[in-house]
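This report describes how a protein surrounds its bound ligand, taking the shell of residues, the polar contacts and the domain context in turn. Please keep the structure open while reading.

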Amino acid sequence: MDLALTEEQRAVQKTAREYAERRLMPAAHARDKESTFPEAELRELGDLGLLGVAVPEELGGAGAGVVAYSLAMQELARGDASVAVAVSVTNMVAELISRMGDEGQRTRHVPRLVSGQAVCGAFALSEPQAGSDPAGLTTRAERTAGGWRLTGTKQWITSGDRAGVMVVWAMTEPGSGHKGITAFLVEGGAKGLIVGRLEDKMGLHGSSTAQLVLDGVEVGDDAVLGGVSGGFRLAMMALDGGRIGIASQAIGIARGALEAAVRYAGERVQFGVPILKHQAVGNMLADAATWLDAATLMTLRAAALKESGQSFGDVAAMAKLFATEKAGLICDIALQVHGGYGYTTDFPIERACRDVRVTRIYEGTSEIQRIVIARSLLARAARDGR
Ligand code: CAA
């Protein structure tokens, strides 16, 4: 088992780290305070090849693979988690179109997404009444003479008000549950696409989260992605991969918090010694470092499985479950180590605690990850007879 990174993976990691330290970290506090969307940064990331790390080169991506993508996401999230989530969704949408789109869809949308020309992508699956159970969505797509008319409301859509390209899931055969769902490609600014409420969130203030109202949005047949009624499987496939991105985001946030806590504990003197020398503090940081290492290995393993074309959905769910739950604990420990200072906005730890919380919710809650893992245990037991 070779755990060493390739030269290309190390190069992507280095590019992402340098960019995050130079451009993201210094402005992260202001972006959080002022809720500024990182449009210029997304375009710069497109120029650097970091919007489509895992997207094939012939479509404008870096073609560096899923492990490199995870490494880049970790670095960007360490710099600013708000920027990282926009990158993660863009990469997920670009990968989905690269894989499932026809030639016209691939060449029209993917280069715009990964270059930053479309600013970013959005994944419009959830609805007010259909979050963990997307098969219950009610957005309708009805046949017209030249294509389809989409009507309904989408909720919790990351970058929904900014994305140049989005995938929208709608019911084409009402009453058929997941078998009647189709994925459509919709461009930002389409007639009838109305940006509703922008959520006022606990964290990730530099990322926008929009309600989208589809008031009779007309699209052609060429907007159908992956075939009529084939949409649910597409969403599940995309989310399997997306969960590697969110696990990586959680790791990046936690790594930044742990580094800050270790630095602080080495400098802060109480009872005549740096607090790191007090066992109570050292033990907390040791646990945090151990969880972070395990989360990183699990996530890179899921990425390596996906990259080599092997089944990875259950491993990605385990990685997301473990990484996001432990990242929350690590950020909490980092705040505790900072004492009263950690509870103020003078230190970045309180932002990490707010930003990391949603990683246990979006792209499948921790409870959904457990469903995915438990179902795979059952399937394996039935297959192997043990
Ligand atoms: N890959 C491919 N196909 C899959 C699949 C996968 N991982 N999982 C299920 N399927 C297929 C099944 O094979 C089945 O197909 P057939 O009917 O042809 O046999 C079909 O999909 C239905 O499968 P299930 O009966 O297992 O589906 P379910 O309704 O019970 O749901 C679930 C399973 C895994 C719990 C799913 O509902 C799920 O993942 N829920 C969470 C949704 C989620 O993550 N939402 C997040 C929103 S997006 C977001 O957060 C984006 C953002 O902006 C950040």
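Helices, named α here, are DSSP runs of H or I with at least four residues, and they are numbered from the N terminus. The model discussed is a predicted one. With that naming in place, α6 gives the most to the shell around the ligand, contributing seven residues.

The space taken by the ligand is the largest pocket. The elements that supply two or more residues to the shell around the ligand are β3 (147–158), α6 (231–267) and α10 (366–384). In total, 22 residues surround the ligand, and the closest are Ser132, Thr158, His178, Asp240 and Arg375. By residue class, the shell divides into 10 nonpolar, six polar and six charged residues.

Three polar contacts to the ligand are set out below.

| Protein atom | Ligand atom | Distance |
|---|---|---|
| Thr158, polar side-chain atom | oxygen | 2.9 Å |
| Asp240, polar side-chain atom | nitrogen | 2.7 Å |
| Glu363, polar backbone atom | oxygen | 2.9 Å |

Alongside these contacts, the ligand taken alone exposes 1100 Å², of which the protein buries 70%.

Finally, where does the ligand lie with respect to domain 2 and domain 3? Because domain 2 (122–229) and domain 3 (232–381) both give residues to the shell around the ligand, the ligand lies between them.

Conventions:
Residues numbered from 1 in each chain as written. Predicted model: local features only at pLDDT ≥ 70, side-chain atom pairs only at ≥ 80, totals over all residues. Heavy atoms only, no water. Near = heavy atom within 4 Å. Polar contact = N/O pair within 3.5 Å; in protein donor to acceptor, adjacent residues only side chain to side chain. Areas by Shrake-Rupley, 256 points an atom, 1.4 Å probe, with all protein chains shown as cover. 1 Å grid on protein atoms, 1.4 Å probe; cavity = no way out; pocket = protein on both sides within 12 Å on 5 of 7 lines; lining within 4 Å. Sits in = over half its atoms within 2 Å of the grid points. Nonpolar A, V, L, I, M, F, W, Y, C, P; charged D, E, K, R; others polar. Domains from an automatic or database assignment.
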